[in-house]
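Trainee: I am new to this one, and I would like to learn how its descriptions are reached. Could we go through it together?
Mentor: Gladly. Have a look first, then ask away.

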Amino acid sequence: MLNITDLKYEYKNADEVYKYSMSVKPKEIVAILGQSGSGKSTLLDLIAGFLDASSGSIQLDENDLTNETVEKRPITILFQSHNLFEHLTVQKNILLGVNKVLKENIEDVNKVQAILKEVGLEKYEHTLASSLSGGQQQRVALARVLMRREPILLLDEPFTGLDVETRVQMLDLVKKITIENNLHTIMVTHDIQDCERIANRVYRVQNHTLIEQ
Amino acid sequence: MLTQWSRFRSSLFPGALVSILLLSFASLLFFILFISQDDARVTQFDPRVWSLLKFTLYQAFLSTLLSVLVGIILAWSLAHQSHFKGRSLLVALFSSSLVLPTLIVVFGLIGIYGRNGWINQLSLYLFDYSFGSYLYGLVGILVAHVYLNASFASRSLLHIFESIPKEKYKLAKSLNFTTFQRFLYVEWPALRPTLLSIASTIFLLCFTSFAIVLVLGGSPAYNTLEVAIYEAVKLDFDIAMALKLALIQLAVTTLLVVFSSNFRTNLTNLKTSSTHIPWSEAKHIKQIQMAIISLFALFFISPLVVIIIDGIGADFGKVVSETLFIKSFFTSIIIATVSSILTVIFAVLLSDTKRNFTLKNRLEDNKFSKLLNIIVSFLGNLYLAIPSLIMGLGFFLLSQRYEAPLVVWSTIALLTANILMSLPFALSVLSPAMQKTAQRYDKLIFSLNLSKLQRWVYCEYPYLKSSLGYVFALSFCFSLGDLGIIALFGSDDFSTLPWYLYQLMGSYRTSDAAGVALILLAITLSVFILLPRLFRGTDAKHN
């Protein structure tokens with residue numbers, strides 16, 4: 001279980017204090033709704049470790065992640081864009097999730113092939129990321145989630161801008177991945193339909209405070 | 001399509017006129033250079049010319065390599081250290097390297113690394129040992145070129161580092177990249193597309209470098225084509241030799257400009273940013289980055305400090321009361337002001353015409369648009385292919401053929417060279433800004449049926465104000481510090497501040513030279529740093 005307890009954050013030169021408390025069970029998708037600038041992405045930055053909380057705690061089961069550095073947190077994050085290195089192939093982009101020197105070993109390459117099949121991109125292994133469509137790029141990013149198998153998945157409006165059909169496919173894929181891999185998924189969105197389709201629970205950021213709906 | 005052309009007629013004609021003017025000038029220059037080569041020696045390629053060409057290419061290659069390497073390392077350090085005190089001032093100073101008069105940079109470098117410079121004096125005091133005059137020759141040329149161009153490269157590259165999406169850094173961090181992997185996968189791919197363009201600009205600047213080689217070259221073994229042209233005209237009065245060298249130089253620079261594929265000059269506005277990269281560096285990396293910044297800052301600032309300290313010690317009463325100083329001062333200011341105003345006007349007109357050929361809702365779809373865009377761009381960047389000393393030679397030959405008072409030819413030559421020298425940089429600032437304004441407001445302006453004047457007053461000017469101020473300041477400083485054309489036309493009757501400073505340095509009046517160098521430095525930095533700020537305050541913003 002992922003527990004976020006009394007997490008607080010203050011931006012420099014601003015009076016507002018952002019307050020977050022929530023929990024996410026394994027295989028569960030929790031959606032965060034809120035207006036632009038309400039502090040939804042700040043929550044993801046705090047969980048991922050890009051921002052340091054002024055107080056509170058982040059715990060995954062028995063492990064306290066609050067003071068861990070970004071690289072030590074068991075997290076994969078997907079942004080709205082820039083999730084891939086455009087000059088690398090699909091295969092290398094996925095391998096980077098586990099193998100930084102990009103030395104191909106048979107085991108990893110086979111694994112990438114299997115994962116690409118799972119996300120419906122088996123023919124694109126050696127295609128440059130820059131030549132993929134927006135939807136395909138996000139599929140590759142999801143393939144990397146599967147490759148990494150980190151228990152926390154953070155989604156920062158990753159499907160905004162995709163056409164309705166692709167968007168629905170991607171949401172279903174997220175749901176499948178979450179359930180099959182016991183992930184704790186937090187999805188920031190401003191689309192209520194996304195929530196209705198895959199979220200188990202919904203939180204809303206109101207007056208800089210996270211409230212369960 | 002005809003209605004499209006007529007709708008944009010008012011923005012096509014002025015730019016077309018400027019283009020025709022530039023084209024006529026280039027044709028006239030080529031014509032005068034070619035009809036003057038009536039000496040058989042012009043076509044002979046003797047060993048002296050070959051060795052000049054080899055050394056010119058060699059020093060430009062080394063200077064470019066070193067400048068780009070130092071530029072990358074410095075920009076990388078600055079990008080990751082965005083919160084130390086004085087950072088924005090330091091970045092602004094590095095940006096000013098582009099407009100610092102090369103002669104005062106040389107003066108400052110001699111003050112540090114010269115025979116009687118600070119380093120030798122310190123070494124003599126501490127160890128009773130002098131390194132001698134190691135600055136003259138290839139070392140001095142490289143040091144001065146790296147001084148001016150590494151800071152220029154770092155400023156352009158810093159802009160690239162700061163433009164890398166923050167998500168890329170966050171992604172790399174969450175994937176547990178090392179500093180090297182971050183550079184390899186995130187930063188290098190962003191830098192690579194711009195590097196060729198930056199390197200080719202620096203190569204051209206070093207290939208045609210004049211004042212630095214003239215003063216620091218030391219002996220004929222370290223002469224470049226540009227200096228050899230000057231010596232052939234001014235010292236030997238060997239016009240045939242000067243023509244031969246000019247034609248070789250022209251051939252090489254034209255090739256370089258064509259092969260560098262586009263004419264971008266990679267100039268970003270002076271605005272300094274302290275964008276925070278979401279990656280806190282390990283302690284030892286932070287120390288390395290701060291050491292790199294400190295070392296380069298020391299290397300960059302120390303010659304300026306020498307100019308200030310030596311300048312303060314000068315007898316200003318005596319310096320400013322000299323007739324030649326007063327003449328040089330006013331000539332410099334008047335020429336710089338007039339040429340900057342004309343540069344701004346030409347750049348606006350050319351950018352206004354150029355955007356017709358690149359915007360979808362204008363004439364982009366026309367089959368001639370691509371070609372016309374290339375022609376206008378090339379003409380605006382003529383200076384990159386025709387260095388100022390060759391322009392000077394052209395005007396010099398014209399003055400020999402068509403008699404007129406020397407001051408008239410000198411003024412025309414200086415104004416033309418200064419405008420052409422500033423235009424590539426002016427266009428690289430104004431053209432994207434004007435393109436953006438048209439992209440955003442064309443439909444609105446056409447639907448409101450605003451006149452050309454109303455469009456300018458209500459839309460273009462408020463958005464372009466700071467860029468216009470920057471271009472004016474840039475052009476003013478370029479003109480103020482140039483020692484190219486004036487080296488051929490300079491005399492006691494017609495002189496500018498850089499020429500006067502060169503004369504003082506040549507006659508070993510070091511104290512007076514220090515005073516003039518300080519005045520030049522003060523004017524340049526004040527205009528370049530303060531003037532754009534005056535315009536920036538009320539600038540409208542694109543959302």
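Trainee: How many helices and how many strands does the secondary structure of chain B have?
Mentor: Chain B has 23 helices and 0 strands. Please keep in mind that this is a predicted model.

Trainee: What do the contacts in chain B with a separation of 6 or more look like?
Mentor: Of those contacts, 83% are between residues 24 or more positions apart. As for burial, 48% of the 543 residues in chain B are buried.

Trainee: Why are α3(B) and α7(B) called oblique to each other?
Mentor: Start with the angle. Helix α3 of chain B, residues 47–80, and helix α7 of chain B, residues 138–163, have axes that cross at roughly 40° and come within 6 Å. Angles under 35 degrees would count as roughly parallel, and 65 to 115 as roughly perpendicular. The value of roughly 40° fits neither class, so the pair is oblique. The crossing of α3(B) with α7(B) is right-handed. Sorted by class, their contact has 19 nonpolar, 7 polar and 1 charged residues.

Trainee: What makes α4(B) oblique to α7(B)?
Mentor: The same kind of reasoning applies. Helix α4 of chain B, residues 87–95, packs against α7(B) at about 120°, and the axes are 8 Å apart. Roughly perpendicular covers 65 to 115 degrees, and roughly antiparallel needs over 145. An angle of about 120° belongs to neither, and therefore α4(B) is oblique to α7(B). On the α4(B) side the contact is made by B:V91, B:F94 and B:S95, and on the α7(B) side by B:S151, B:S154, B:R155 and B:L158. By class that gives 3 nonpolar, 3 polar and 1 charged residues.

Trainee: How do you know that B:D128 is exposed?
Mentor: Count its neighbours. B:D128 has 7 C-beta neighbours inside 10 Å, and 12 or fewer counts as exposed, so B:D128 meets the cut-off. This residue sits in the loop between α6 (118–127) and α7 of chain B. B:D128 also has a positive phi of about 55°, although it is not a glycine.

Trainee: What is notable about a positive phi there?
Mentor: Most residues other than glycine have a negative phi. Another case is A:H208, with a phi near 65°, in the loop between β9 (201–206) and β10 (209–212) of chain A.

Trainee: Why is A:H208 called partly exposed?
Mentor: A:H208 has 17 other C-beta atoms within 10 Å. Buried needs 20 or more, and exposed needs 12 or fewer, so A:H208 falls in between and is partly exposed.

Trainee: What makes helix α11 of chain B mostly covered?
Mentor: Of the 11 residues in α11(B), residues 225–235, 8 are buried. Among them are B:L225, B:V227, B:I229 and B:Y230. Just after this helix, B:F237 takes a positive phi of about 50°.

Trainee: How many residues does each chain give to the contact between chain B and chain A?
Mentor: Chain B gives 14 residues and chain A gives 16. On the chain B side, α8 (166–174) and α9 (179–207) each supply at least two residues. The largest share there, 6 residues, comes from α8(B). By class, the chain B side has 7 nonpolar, 3 polar and 4 charged residues.

Trainee: What pLDDT does chain A average?
Mentor: Chain A averages 88, and 97% of the residues score at least 70.

Methods. Residues numbered from 1 in each chain as written. Chains lettered and ligands numbered in written order. Predicted model: local features only at pLDDT ≥ 70, side-chain atom pairs only at ≥ 80, totals over all residues. Axes fitted to C-alpha atoms, helices over the stretch in contact; angles between N-to-C directions. Helix = DSSP H or I, 4+ residues; strand = E, 2+ residues; numbered from the N terminus. Left-handed = near helix turned anticlockwise from the far one by under 90°. Nonpolar A, V, L, I, M, F, W, Y, C, P; charged D, E, K, R; others polar. Contact = placed C-beta atoms within 7 Å. pLDDT = per-residue confidence, 0-100.
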